[in-house]
Amino acid sequence: MQLTPEKKIRGALVAATCTLLGHAAPAVADEGDWSFDSAVLYYNETDRVTAIEPVFTARRELVDDGLLDLKLVFDSLTGASANGAMPSSQPQTFTRPSGNGFYTTPVGETPLDDTFHDTRGQVSANWIRWLGTDWKMTLGGNVSSEYDFQSVAANALFARDFNKRNTTLSFGLSLESDSMDPVGGVPTPLMRMITEGSTGAVESVPNTPGLDTDDVDYRDSSESKTVTDFLVGLTQVVDRETVVQLNYNYSITDGYLNDPYKLVSVIESDPAATNYGDPLYHVYENRPDSRSRHTVYVGGKRWFDGDILNASYRFMTDDWGIDSHTIDVRYRWKFSDQQYIEPHVRWYSQSAADFYSRGLLDTDAIPTEVSADYRIGEMTATTIGAQYGYAFSENSEFRFRLEYYSQDSNESDSGSNVAIGSQQAFDLYPTVDATIVQFSYSFKF
Amino acid sequence: MKRMTRIAAVGGLLLVAITSTGCSSLGVQPWERDILAQREMLLDDESITLGLDDHIYFSKEATSGGRSFSGGGCGCN
């Protein structure tokens with residue numbers, strides 16, 4: 001397809017004024033034109049999770065001067081995931097989430113649930129429509145389904161241009177409803193996991209008001225949560241080669257926010273005991289039933305004689321006590337008419353949730369809210385890698401991305417009150433490393 | 001909560017201030033948009049890659065959203 005002058009002008013206006021808040025930018029296309037983008041992601045953590053995720057998007061210019069975006073995503077996950085429990089000087093046996101059978105963790109190793117396996121399918125659609133000369137409306141929907149989780153979401157976004165279309169103000173709302181049907185049912189929070197060797201009814205956790213042995217075998221079949229998102233954004237063309245964006249996002253999540261597969265270990269705290277430091281038992285985690293987040297995002301692109309700098313910073317704070325900072329920088333070095341290399345560096349840092357704890361002492365009362373999920377602990381994560389792109393023609397391009405991702409806990413063994421006895425010999429906060437490989441191909445006709 | 005309200009208020013004021021004053025002197029004329037019109041200058045060019053990254057980090061970290069809505073539609077977190 002050759003661009004007409006009219007199309008070029010419209011493309012320019014679209015490019016410079018679209019606020020792009022969570023929605024694909026409209027392509028410059030003739031009515032009835034289709035453009036496609038596809039990718040396959042391979043994500044592999046050392047000794048842990050492996051994911052393969054193909055994605056396919058299609059975009060069509062509608063006759064009434066609107067755009068329709070469709071997206072299909074499939075996920076296939078396998079491997080092992082940390083269950084939150086602490087290592088032990090004895091082999092540990094955990095019940096599989098289904099309740100059928102057990103898995104054993106060797107001495108001194110971080111307990112990993114090796115039954116992690118899921119397949120997810122997602123379909124989403126966005127309808128973009130210009131309303132007069134200054135307004136643009138985007139309506140979207142999303143449905144996602146996996147074995148133990150279903151999600152339905154709808155969103156609306158309105159954008160208004162100002163200042164010769166150099167400034168665009170946007171505001172939007174997204175509503176998401178999720179339901180969870182964990183394998184084996186929803187465990188009662190703060191109750192002990194039944195393990196091999198348990199006989200009869202497992203007694204209730206000491207010092208836990210409101211729970212007794214009658215609760216042990218009770219499991220809900222499903223739980224739910226809702227996510228409400230407000231988004232306000234400003235996009236500004238600075239000069240002929242620079243565009244910047246400022247977003248504010250307020251998100252409220254209500255409902256069941258636990259990870260039903262995550263545990264917290266209760267360890268022996270008596271120095272005279274032979275199993276000093278070892279887990280005595282494990283309880284299911286319990287998180288607050290609501291979370292509100294404020295996020296500010298600043299990003300932009302700058303053209304440098306054919307190369308492009310793409311940088312952003314994001315700050316998030318929530319009522320769980322987590323603050324985070326994210327810096328993301330990409331530089332697209334176009335070294336020929338058809339090819340480019342784009343190095344990418346991302347740095348992320350977060351503080352821990354107030355109720356995060358690597359484990360508990362048996363002399364302590366079980367807190368009403370506690371989680372040992374390292375993903376809400378204090379951590380720093382870095383991503384480094386690059387993407388190579390090759391344009392076969394104006395209408396088709398191939399891309400290959402290779403990145404390395406590493407998560408390091410900022411929690412220290414010495415600073416933890418549960419790094420006692422046998423735990424002093426173990427790595428309580430292991431690094432998680434992952435390789436990210438992605439093949440992409442886009443084309444239009 | 002107080003802190004969050006303050007952050008929201010500051011963010012809102014910043015947006016209004018930039019929209020009403022600071023931005024009016026910025027920008028280009030319609031005939032100066034040749035570079036900005038190129039697809040790779042769109043802020044969400046390669047939306048597939050951005051979406052895949054969002055999914056990875058949503059499942060591994062405690063933060064999502066900001067660039068777009070924060071919901072993930074995924075049970076991975």
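Here is a walk through this two-chain model, from its confidence values to its cores, its loops and the contact between its chains.

Keep in mind that the model is predicted, so let's begin with how far to trust it. Chain A has a mean pLDDT of 88, and 87% of its residues come out at 70 or more. Two stretches deserve some caution. Over residues 1-29 of chain A, pLDDT stays under 50, though the model still gives this stretch 67 contacts beyond four places in sequence. The other stretch is residues 199-217 of chain A, again with pLDDT below 50, and here the model has 26 contacts beyond near neighbours in sequence.

Now for a small sheet in chain A. Three strands line up in the order β13-β12-β18, forming an open sheet with mixed pairing. At the edges stand β13 and β18 (residues 360-361) of chain A; each has a single partner strand, so one side of each has no neighbour in the sheet. If you want to look at one pairing in detail, take β12(A) and β13(A): these two run antiparallel and are joined by five bridges. One place to find the pairing is at A:Val266, whose bridge partner in β13(A) is A:Tyr281.

The same two strands turn up again when you look at the inside of the model. In soluble globular proteins, nonpolar side chains tend to be buried together. The largest nonpolar core here has 20 residues, and the members that touch the most others are A:Leu263, A:Val264 and A:Val283. Both β12 (263-267) and β13 (279-284) of chain A supply at least two residues of this core. The largest share, four residues, comes from β12(A). There is also a second, separate core, this one of 19 residues. Among its members are A:Val49, A:Met379 and A:Ala381 from chain A, along with B:Ile48 from chain B.

For a single buried residue, try A:Leu231, in strand β10 (residues 223-239) of chain A. Why does A:Leu231 count as buried? Because 27 other C-beta atoms lie within 10 Å of its own, and 20 or more is what buried takes. The chain also comes back to this spot: A:Ser170 is 61 residues away from A:Leu231 along the chain, yet their C-alpha atoms are separated by 7.8 Å.

Next, two loop residues with unusual-looking labels on a backbone plot. A:Asn163 has a positive phi of about 55° although it is not a glycine. You'll find A:Asn163 in the loop between β8 (149-162) and β9 (167-180) of chain A. A:Asn163 is partly exposed, with 16 other C-beta atoms within 10 Å. A:Asp305, not a glycine either, has a positive phi of about 50°. Its loop runs between β14 (290-304) and β15 (307-318) of chain A. Is A:Asp305 buried or exposed? With 6 other C-beta atoms within 10 Å, A:Asp305 is exposed.

Finally, turn to chain B and how it meets chain A. Chain B has two helices and zero strands. Of its 77 residues, 51% are buried. How many residues of each chain take part in the contact? On the chain A side there are 83, and they touch 45 residues of chain B. The chain A side breaks down into 36 nonpolar, 28 polar and 19 charged residues.

Notes
Residues are numbered from 1 along each chain as its sequence is written. Chains are lettered from A and ligands numbered from 1 in the order in which they are written. This is a predicted model: local features need pLDDT of at least 70, side-chain atom pairs count only at pLDDT 80 or more; totals for chains, interfaces and linings use all residues. A nonpolar core is a set of buried Ala, Val, Leu, Ile, Met, Phe, Trp, Tyr and Cys residues joined through C-beta atoms within 7 Å. A residue is buried if 20 or more other C-beta atoms lie within 10 Å of its own, exposed if 12 or fewer, and partly exposed in between; C-beta atoms are placed from the backbone. Two residues are in contact if their C-beta atoms, placed from the backbone, lie within 7 Å. Ala, Val, Leu, Ile, Met, Phe, Trp, Tyr, Cys and Pro count as nonpolar, Asp, Glu, Lys and Arg as charged, and the others, Gly among them, as polar. pLDDT is the predictor's confidence in each residue, from 0 to 100. Two strands pair if DSSP finds at least two bridges between them.
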